Structure formats: structure tokens, C-alpha cells
Amino acid sequence: FAADGIVLDGEGRVDESMLTGESNAIAKPPGSRVHQGTHNLATPVRVQVTAVAGNTVLSGIVALLERAQAERPRLAKAADRAAAWFLGRILIGAAIVFAVWWFVDPTRAFSATLAVLVVTCPCALSLATPTALAAATAALARRGVLVAHTDAIEALSKATHVLWDKTGTLTKGLVRVEDVRTYGDVTSQQALEWAASLEQLSEHPIARAFTVTGAPTVRASSVEVHAGRGLEGRIDGHLLRIGTRAFAGALHPGAPPAGEPEAAADAASGESWVYLGDESGLLAAFRLTDPLRPEAGQCVAGLAALGLPSEIVSGDEAGAVARIAQRCGIDRQSARLAPQDKLERLKALQRDGAVVVAVGDGINDAPLLRGADVAVAMGRGSALAQTSADLILVRESLDDLPHTVELARRTQRIIRQNLGWSIGYNLAALPLAALGFVPPWLAAIGMSLSSVAVALNAMRLS
């Protein structure tokens with residue numbers, strides 16, 4: 001859809017995952033609202049345009065992104081501020097040293113002042129932070145984690161919470177057939193072949209779950225799309241239906257209700273089920289899932305061990321979100337959230353003093369990512385999500401996230417060690433130089449060695 005509007009005629013099924021994170025297509029009967037950038041996957045519809053250009057929902061999400069970006073404070077480098085403060089006072093101190101030596105022994109005034117300026121040059125102090133950040137950034141890049149903003153390493157070391165999107169982040173974002181239940185003499189392979197033959201003519205996301213393995217060996221003809229219910233077609237002259245349970249079983253209403261004991265359990269489970277039937281009744285049932293990333297649970301547990309509890313904020317339906325949360329060991333989750341709802345949840349945590357890491361991959365996650373203290377995007381996520389991110393997981397492996405948190409904390413320890421060494425060296429060397437015990441050549445060596453020590457300490461991160 002090129003603009004926002006209201007459906008006047010026809011009944012489409014719309015993929016709104018780019019806006020909401022919902023993995024299943026949404027039925028859009030007359031009177032329903034549709035939004036710019038979403039895709040109609042079923043029959044054509046006629047839409048009355050209600051908003052264009054900057055007034056659409058998609059434009060509103062971009063505006064949220066820009067507002068979150070404007071509200072986010074820029075992290076200043078404490079070391080640079082300290083170096084600037086220190087340098088000003090060194091210049092004042094050097095002037096005092098020169099004046100004192102001029103009255104005591106004018107022949108030593110210049111060398112003593114030069115020694116003070118050289119030995120206290122804040123090179124090591126200025127190098128303390130950037131060398132550690134550079135080493136950490138290089139180490140992360142070798143593991144497939146790109147650091148877009150180095151300020152994120154400092155914020156990540158202080159993180160207290162992690163907010164997760166579900167689809168495409170904790171899950172792979174690809175609908176798959178996870179289980180096949182057959183009735184009568186039909187085998188699972190036959191059922192999958194027939195289903196793939198019917199679904200290959202559909203652009204619905206669910207259809208891709210059946211056609212992902214390649215072209216079926218049998219061909220369907222006279223395939224018709226029944227919006228919101230399923231597809232009907234013929235294979236070798238045999239009439240078949242695939243879709244909802246009622247639709248697939250309606251070809252022979254008088255047939256024995258195959259699978260009736262499981263029907264209530266299927267409905268209560270909150271899982272997605274698709275049914276195949278013919279004139280004799282139901283032939284098979286397919287359980288569809290968006291596969292969980294195999295490392296997701298381990299990642300959540302690893303973050304929890306580091307003191308970072310996880311929470312899911314998703315636009316998907318409640319049942320799917322609850323299942324993923326249970327499998328990952330996440331206690332708190334929210335479903336059916338619009339982008340502004342995700343951002344508000346983030347702001348609520350931040351108002352309570354939390355430092356929040358947000359992990360997402362879709363356009364609908366961009367405001368959340370931009371408002372977070374640390375934003376993490378998946379390598380195959382949307383371009384808007386990646387431009388909003390501080391860190392990008394190029395390898396798409398969540399195993400890298402706990403390691404990144406650990407490395408960020410190590411980086412902060414190294415920075416503190418470097419700063420401590422730099423300040424300690426300057427405080428120790430300054431009075432010796434001012435009293436004339438350190439000649440300029442020795443001051444130059446000491447200053448150089450202090451910088452080398454800082455750099456070598458930072459290299460331990462890599």
C-alpha cells in the first residue's frame with residue numbers, strides 16, 4: 001500500500017510485520033485500516049486513502065525515531081574533560097615553577113620548567129580511554145559484532161535490563177512446519193506434498209512454510225483463494241482444501257470428525273495450525289512455528305547471570321509471545337504492542353533508573369532502539385533498525401551478546417586502570433620535576449613509557 005487508508009471493497013490479508021512485528025497476515029475486511037508500506041497477500045481490495053506523505057503511520061514511526069534520537073543525551077568522554085582540566089593547571093603550575101626557580105637559581109629555571117611540562121604531558125591520560133575502546137572495538141569486530149557508536153561500550157557496561165523484540169530476534173523470523181498430524185491412511189510425506197502443491201500459488205507467509213524446500217512433485221490446478229479461510233484446488237482430479245479447520249473439513253460435512261479430541265487443545269494452545277482436507281474429511285494438520293534461535297535460551301541465561309533480566313516487548317499475538325518467553329526462560333513479556341507502546345515501556349524503565357539494552361530487527365523496533373541506552377540490531381534486520389543501532393550482530397548469533405557485555409565491563413576496568421596509572425604517574429612525577437630532580441631527557445622517557453604502558457594494558461582486551 002502506498003498510503004494509509006480504509007478498505008472499501010474486497011477482503012485482503014495483509015502482512016504488517018514491518019510495522020507491528022506480527023508474523024501472521026491480518027484479515028482486512030471492508031472498514032479495516034491499512035497502512036503505507038504493508039503488503040496485501042490475498043485478493044485485490046479497493047482502498048479510500050486517508051493519509052499520505054508525512055501523515056501516515058510509517059511516517060509517525062520515523063518521527064518517533066527522530067524524537068527519541070533528539071532526547072538521547074550524548075555520552076561525553078570523562079578522560080578528555082579531565083585532560084583539558086589537568087592541562088590548564090599544569091600550565092599555571094609551570095609558570096609558578098619558573099618564577100620560583102628564577103629567584104632561587106635562574107640557570108635552572110628553564111630546564112626545571114621544561115621538565116615539568118614534559119613529564120606531566122597528559123598524553124597517557126588522553127590515550128587511556130580511546131586505546132581501550134579501539135582494542136575492544138577490534139576484538140568485537142573479530143567476533144562479528146560491529147560497534148557503530150563507541151559510547152555504547154560504556155553504557156553497556158552499566159546496563160541493568162534487556163528488552164527483546166520477538167520476531168526475527170529471539171526467533172528466526174521464518175515460519176516453518178514443525179509438526180504433522182495425519183488421519184487415516186495418509187502419510188506425512190503425502191500430506192506435505194499436497195499442501196506444498198496448493199500453497200505454491202499463494203504469496204501468504206504461511207505458504208512459504210510449505211514451499212521453502214522446493215517445488216513439489218505434484219501439481220495443483222484450479223486453485224482458488226478463499227480470503228481468511230484458505231485455498232481450494234485439484235490434484236490429479238482430487239478436490240482438496242488447506243486452511244482453517246472448518247474450511248478444510250467442510251468438503252464433506254457428514255464425514256467422521258477426524259481429530260476432534262485434539263481440536264479443543266489446538267485452539268487453546270495458541271499455536272498456529274493449518275488443516276488439509278478432502279471429500280472424506282480432514283487428512284492432516286500442520287503445526288506452524290517461527291523457530292526459536294537455538295542459542296536464545298542460553299543467551300538469556302547468560303545475561304541473567306551477569307545481572308541483566310530480560311523482557312519481551314512484541315507486536316505479535318499473546319500466545320506466541322508467551323511460548324517464546326517460556327522457552328527462553330523470560331518471566332515478563334508484553335504482546336500486541338505498537339512502536340509507541342514499546343518506547344513508552346522503555347521510558348518507564350529509564351525513569352526508574354534502569355540502563356536498558358534493546359534488541360530488535362524491524363522498522364517497528366527503530367524508535368525503541370533509538371531511545372535505548374544501548375541499541376542492538378540483527379545483521380539481517382531492516383536498514384532503519386540498523387541505522388538506529390549502536391551494535392550490530394553481523395553473524396546473527398545471540399551467543400555474542402553476553403560476551404559483548406563481559407567485554408564492555410572489562411573495557412571499563414581497563415579504562416579505570418589506565419586513568420589511575422596516568423593520574424598516579426603525573427602526581428608522582430610532578431613534584432620531582434618541579435624540585436629539579438628530573439632532567440628534561442628523563443622526563444621525555446617517562447612520559448613516553450607512561451603512554452606505552454597505557455597502550456599495552458589496553459591491548460589485553462584484544
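Leu-114 lies in helix 4 of the predicted model. With a relative accessible area of 32%, Leu-114 is partly exposed, and this value passes the cut-off for patch membership, because patches are made of residues with over 30% relative accessible area and no salt bridge. Leu-114 joins Phe-98, Trp-102, Phe-103 and Phe-110 in a nonpolar patch on the surface. Together these five side chains have about 600 Å² of accessible area. Two helices, helix 3 (78-104) and helix 4 (106-119), each supply at least two residues of the patch. The most is given by helix 3, with three residues.

The chain as a whole has 18 helices and 19 strands. Of its 462 residues, 48% are buried. The chain exposes about 21100 Å², of which carbon and sulfur atoms supply 59%. Among contacts with a separation of 6 or more, 66% are accounted for by residues 24 or more positions apart.

A second surface patch is one of positive charge, in which Arg-410, Arg-413, Arg-416 and Arg-460 gather. Within this group, Arg-413 is found in helix 17 (residues 400-434). The relative accessibility of Arg-413 is 43%, and the residue therefore counts as partly exposed. Arg-413 is thus also above the accessibility cut-off for patches, which is over 30%.

Side chains of opposite charge can pair when their charged atoms come close. With a limit of 4 Å between a side-chain nitrogen of Lys or Arg and a carboxyl oxygen of Asp or Glu, the count of salt bridges comes to twelve. In one of them, Arg-46 is paired with Asp-9, and the closest N and O atoms are 2.6 Å apart. Arg-46 lies in strand 6 (residues 46-51) and Asp-9 in strand 1 (residues 4-9), so this salt bridge ties together parts that are 37 residues apart in sequence. Asp-9 counts as partly exposed, at 38% relative accessibility.

Another salt bridge is formed by the side chains of Lys-158 and Glu-154, with an N to O distance of 3.3 Å. Both partners are classed as partly exposed: Lys-158 has a relative accessibility of 47%, and Glu-154 has one of 22%. The side chains of Arg-351 and Glu-344 also meet in a salt bridge, at 2.8 Å from N to O. Here Arg-351 is exposed, with a relative accessible area of 59%, whereas Glu-344 counts as partly exposed at 43%. In addition, Arg-143, Arg-395 and Asp-400 are linked in a network of salt bridges.

Glu-199 presents a case without such pairing. The residue is placed in helix 8 (residues 188-199). Glu-199 is buried yet has no salt bridge. The nearest side chain of opposite charge is that of Arg-13, which is 10.0 Å away; a salt bridge requires a nitrogen and an oxygen within 4 Å, so the two side chains do not form one. Apart from neighbours within four places in sequence, the residues in contact with Glu-199 are Ala-207, Phe-210, Thr-211, Leu-231 and Ile-242.

How values were computed
Residues numbered from 1 in each chain as written. Predicted model: local features only at pLDDT ≥ 70, side-chain atom pairs only at ≥ 80, totals over all residues. Heavy atoms only, no water. Helix = DSSP H or I, 4+ residues; strand = E, 2+ residues; numbered from the N terminus. Buried < 20%, exposed > 50% of the residue type's maximum accessible area, 1.4 Å probe, protein only. Lys, Arg positive; Asp, Glu negative; His and termini not counted. Contact = heavy atoms within 4.5 Å. Areas by Shrake-Rupley, 256 points an atom, 1.4 Å probe, with all protein chains shown as cover. Patch = residues over 30% accessible without salt bridge, like charges linked within 9 Å, V, L, I, M, F, W, Y side chains within 5 Å. Charge placed at Lys NZ, Arg CZ, Asp CG, Glu CD.
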